[in-house]
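Grab your favourite viewer and work through a few packing exercises. Try each task on your own before you read its solution.

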Amino acid sequence: MKMLSLLIRLICRINLILGHVFSWFSLGIVLVCFTVVVMRYFFSSGFVWMQDLYVWLNGMMFMGIAGFTLSQNGHVRVDIFYRPAGIRRKALIDMIGAIVFIAPFLYIITIYSLPYVQRSWRFMEGSANFGGMPGLYVVKSFILVFVAVVALQALAMVMRSILILSNNEALVPESYRYKEGG
């Protein structure tokens, strides 16, 4: 059981670090977008690659922080049963949700996106826009990053549920414990 606790800590730490790193992309998005607007409307000039850049940063940011968002309960959920539930019921709901909903969802994304990403890498795909950025294959690879970080966090959810349902809640990291009534 202590090994589960260590794995939960490791996964949550990885997603916390990724969440903090990729959240800085939002600053880059704002700065690049601001620069594009100023250049276009004040100087009647611009670069297509800059327009690609802020869109690509946005996609990479949201794909990269998905696991962190899941760890913080930031994804959409139907709260009519979950919010008032006790800790054991929340653990059961999370375990079932991770196995029945998240795992098949990630499997389908992987099956359908893998050929798409592989094709992009084979062609070293770049922007479809003339003057756009090279390296679109890197951005498309973030679909698989999304799958990995969400899968890891779903695994942490299942392990947390196992600890709670086996009466080992004390082994759940403090920052990842359920809060009563919320």
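Below are six exercises on this predicted model, each followed by a worked solution.

**Exercise 1: the main core**

Task: find which residues of the largest nonpolar core touch the most other members, and work out which helix gives the most to this core.

Solution.
- Step 1: start with the membership. The largest nonpolar core has 29 residues, and Ile102, Phe146, Val150 and Tyr176 touch the most other members.
- Step 2: trace where the residues come from. Helix 1 (2–23), helix 4 (66–71), helix 6 (87–122) and helix 7 (136–165) each put in at least two.
- Step 3: pick the top contributor, which is helix 7, with 12 residues.
- Step 4: look for another core. There is a second, separate one of 11 residues, and Leu57, Met60, Met133 and Leu136 are among them.

**Exercise 2: two aromatic pairs**

Task: classify the ring pair of phenylalanine 47 and tryptophan 49, then do the same for phenylalanine 105 and phenylalanine 146.

Solution.
- Step 1: recall what you need. A pair of aromatic rings is described by the distance of the centres and the angle of the planes.
- Step 2: count the pairs with centres within 6.5 Å. The count comes to 5 aromatic pairs.
- Step 3: take phenylalanine 47 and tryptophan 49. Their ring centres are 6.1 Å apart and the planes sit at 35 degrees, so this pair is tilted; the tilted class lies between the 30 and 60 degree cut-offs.
- Step 4: check the exposure of both partners. Phenylalanine 47 has a relative accessible area of 41%, so it's partly exposed, and tryptophan 49 is partly exposed too, at 38%.
- Step 5: move to phenylalanine 105 and phenylalanine 146. With 6.3 Å centre to centre and 85 degrees between the planes, they are edge-to-face.
- Step 6: place that pair in the fold. Phenylalanine 105 belongs to helix 6 and phenylalanine 146 to helix 7, so the pair ties together parts 41 residues apart in sequence.
- Step 7: compare accessibility with the cut-off. Buried means under 20%, so phenylalanine 146 at 15% is buried, while phenylalanine 105 at 43% is partly exposed.
- Step 8: list the surroundings. Skipping neighbours within four places in sequence, phenylalanine 146 contacts Met63, Ala66, Phe105, Leu106 and Ile109.

One more aromatic group to find in your viewer: Phe22, Phe25 and Phe142 form one cluster.

**Exercise 3: a charge over rings**

Task: over which rings does the charged end of arginine 160 sit?

Solution.
- Step 1: go to tyrosine 176. The charged end of arginine 160 sits over its ring, 4.0 Å from the centre.
- Step 2: repeat for tyrosine 178. The charged end of arginine 160 sits over that ring as well, 4.1 Å from the centre.

**Exercise 4: helix 1 against helix 7**

Task: describe how helix 1 and helix 7 pack.

Solution.
- Step 1: choose the descriptors. Two packed helices are described by the angle between their axes and the distance between the axes.
- Step 2: fill them in. The axes of helix 1 and helix 7 come within 9 Å and cross at roughly 145 degrees.
- Step 3: assign the hand, which is left-handed.
- Step 4: name the contact residues. Helix 1 uses residues including Leu4, Ile8, Ile11, Leu18 and Phe22, and helix 7 offers Phe142, Val149, Leu152, Ala156 and Arg160, among others.

**Exercise 5: a glycine in helix 3**

Task: is glycine 64 buried or exposed, and what does it touch?

Solution.
- Step 1: locate glycine 64 in helix 3 (residues 48–64).
- Step 2: apply the under 20% cut-off. Glycine 64 has 1% relative accessibility, so it counts as buried.
- Step 3: leave out residues up to four places away in sequence; glycine 64 then touches Leu18, Phe22, Phe142, Val145 and Val149.

**Exercise 6: positive phi**

Task: where do methionine 124 and asparagine 167 lie, and what are their phi values?

Solution.
- Step 1: set the baseline. Most residues other than glycine have a negative phi.
- Step 2: methionine 124 has a positive phi, near 50 degrees, and lies in the loop between helix 6 and helix 7.
- Step 3: asparagine 167 has a positive phi of about 60 degrees and lies in the segment after helix 7.
- Step 4: add exposure. Methionine 124 is partly exposed at 48%, whereas asparagine 167 counts as exposed at 62%.

Methods
Residues are numbered from 1 along each chain as its sequence is written. This is a predicted model: local features need pLDDT of at least 70, side-chain atom pairs count only at pLDDT 80 or more; totals for chains, interfaces and linings use all residues. Side-chain values use heavy atoms; hydrogens and water are left out. A nonpolar core is a set of buried Ala, Val, Leu, Ile, Met, Phe, Trp, Tyr and Cys residues joined through side-chain atoms within 4.5 Å. Buried means under 20% relative accessible area, exposed over 50%, partly exposed in between (1.4 Å probe, protein chains only). Helices (H or I, at least four residues) and strands (E, at least two) are DSSP runs, numbered from the N terminus. Contact means heavy atoms within 4.5 Å. Rings of Phe, Tyr and Trp (its six-membered ring) pair if their centres lie within 6.5 Å; planes under 30 degrees apart count as stacked, over 60 as edge-to-face and the rest as tilted. A charge sits over a ring if NZ of Lys or CZ of Arg is within 6 Å of the ring centre and within 35 degrees of the ring normal. Axes are lines fitted to C-alpha atoms, for helices over the stretch in contact, and angles run from 0 to 180 degrees between N-to-C directions. A crossing is left-handed if the near helix is turned anticlockwise from the far one by less than a right angle, and right-handed if clockwise.
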